[in-house]
Amino acid sequence: MYEANTTVIGRVVTHPVRRQLPSGEQMLSFRLASTTRRYDASHSAWVDGGTLYLTVTCWRQRFAEGVEASLQRGDPIIAYGQLRSNEYTTRDGVERTDLEMRATALGPDLGRCVAPVQRKHFGHADLPDPASQPPTDADRAGEPATQHS
């Protein structure tokens, strides 16, 4: 089995499915497709190359819940995690290899979509959202940065 941390930019191609394992641990998985593109100057057009398909798994309850609430089939995403190659034999005796990413970070590809951000506050309910606070020097807007006498 080969393991490497990598980033893959692609599109969610199956509905994310969350499961609870007998141990009580939760995980979510879905398939991701990443297609290369290149500009063909001779035809003045973009041309699709090969497509990489992989299974993305998200472990831990909060991570799985966040992904389930945020992503759906067709969404453009950026995924980062540990890439693994799993070899197995099917019931028919055919040898197969599946590529899996154990994701540690996922998010929408903001170059291809718009996504509102809702921040989670774990154990710090009394802390305000930093984006909702005005800058501390807001009352001095328009004034020069330094005062000369």
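Reader: How many helices and strands are in the protein chain?
Author: This is a predicted model. The protein chain has one helix and six strands.

Reader: And what pattern does the chain follow along the sequence?
Author: The order is β-β-β-β-α-β-β.

Reader: What percentage of the residues is buried?
Author: Of the 149 residues in the chain, 23% are buried.

Reader: What about contacts with a separation of 6 or more? What share is between residues 24 or more positions apart?
Author: That share is 57%.

Reader: On to the core. Which residues touch the most other members of the largest nonpolar core?
Author: They are F30, L32, V56, C58, V67, I77 and M101. The core has 17 residues.

Reader: Which elements give two or more residues to this core?
Author: Strands β1 (3-12), β3 (26-40), β4 (45-59), β5 (76-89) and β6 do, and so does the helix α1.

Reader: Take M101. What does M101 touch, leaving out residues up to four places away in sequence?
Author: One group is T6 and V8. Another is L54, T55, V56 and T57. The rest are A79, Y80, G81, Q82 and L83.

Reader: Switching to pockets. How much space lies in the largest pocket?
Author: About 570 Å³. The lining has 21 residues, and G66, S70, L71, P108 and P116 are the closest to the pocket centre.

Reader: Which elements give two or more residues to the lining of that pocket?
Author: Those are α1 (61-70) and β6 (95-108). The largest share comes from α1, with six residues.

Reader: How do the lining residues divide into nonpolar, polar and charged?
Author: The lining of the largest pocket has 13 nonpolar residues, four polar and four charged.

Reader: Now I9. Where is I9 found?
Author: I9 sits in strand β1.

Reader: Why does I9 count as partly exposed?
Author: Because its relative accessibility is 45%. Partly exposed covers the range between the buried limit, under 20%, and the exposed limit, over 50%.

Reader: What does I9 touch beyond its sequence neighbours up to four places away?
Author: I9 touches S34, I77, I78, D109 and R112.

Reader: How far is the C-alpha atom of I9 from that of Y80?
Author: The two C-alpha atoms are separated by 8.8 Å. Along the chain, I9 and Y80 are 71 residues apart.

Reader: Backbone next. What is phi of S44?
Author: Phi of S44 is near 50°, a positive value, and S44 is not a glycine. Most residues other than glycine have a negative phi.

Reader: Where does S44 lie?
Author: S44 is in the loop between β3 and β4.

Reader: S44: buried or exposed?
Author: S44 counts as exposed because its relative accessibility is 53%.

Reader: And R60, what is its phi?
Author: About 90°, so R60 has a positive phi without being a glycine. R60 is found in the loop between β4 and α1.

Reader: Last one, S85. Which strand is S85 found in?
Author: S85 belongs to strand β5.

Reader: Buried or exposed, for S85?
Author: S85 is buried, because its relative accessible area is 15%. The cut-off for buried is under 20%.

Reader: What joins the side chains of S85 and E87?
Author: A polar contact of 3.0 Å joins the two side chains, S85 and E87.

Key
Residues are numbered from 1 along each chain as its sequence is written. This is a predicted model: local features need pLDDT of at least 70, side-chain atom pairs count only at pLDDT 80 or more; totals for chains, interfaces and linings use all residues. Side-chain values use heavy atoms; hydrogens and water are left out. On a 1 Å grid over the protein atoms alone, a cavity is a set of points where a 1.4 Å probe fits but cannot get out, and a pocket is an open set with protein on both sides within 12 Å along at least five of seven lines; lining residues have an atom within 4 Å of a point. Grid points are joined across faces, edges and corners, and a volume is the space filled by probe spheres set on the points. Helices (H or I, at least four residues) and strands (E, at least two) are DSSP runs, numbered from the N terminus. Ala, Val, Leu, Ile, Met, Phe, Trp, Tyr, Cys and Pro count as nonpolar, Asp, Glu, Lys and Arg as charged, and the others, Gly among them, as polar. A nonpolar core is a set of buried Ala, Val, Leu, Ile, Met, Phe, Trp, Tyr and Cys residues joined through side-chain atoms within 4.5 Å. Buried means under 20% relative accessible area, exposed over 50%, partly exposed in between (1.4 Å probe, protein chains only). Contact means heavy atoms within 4.5 Å. A polar contact is a pair of N or O atoms within 3.5 Å; within protein, one must be able to donate a hydrogen and the other to accept it, and residues adjacent in sequence count only if both atoms are side-chain atoms.
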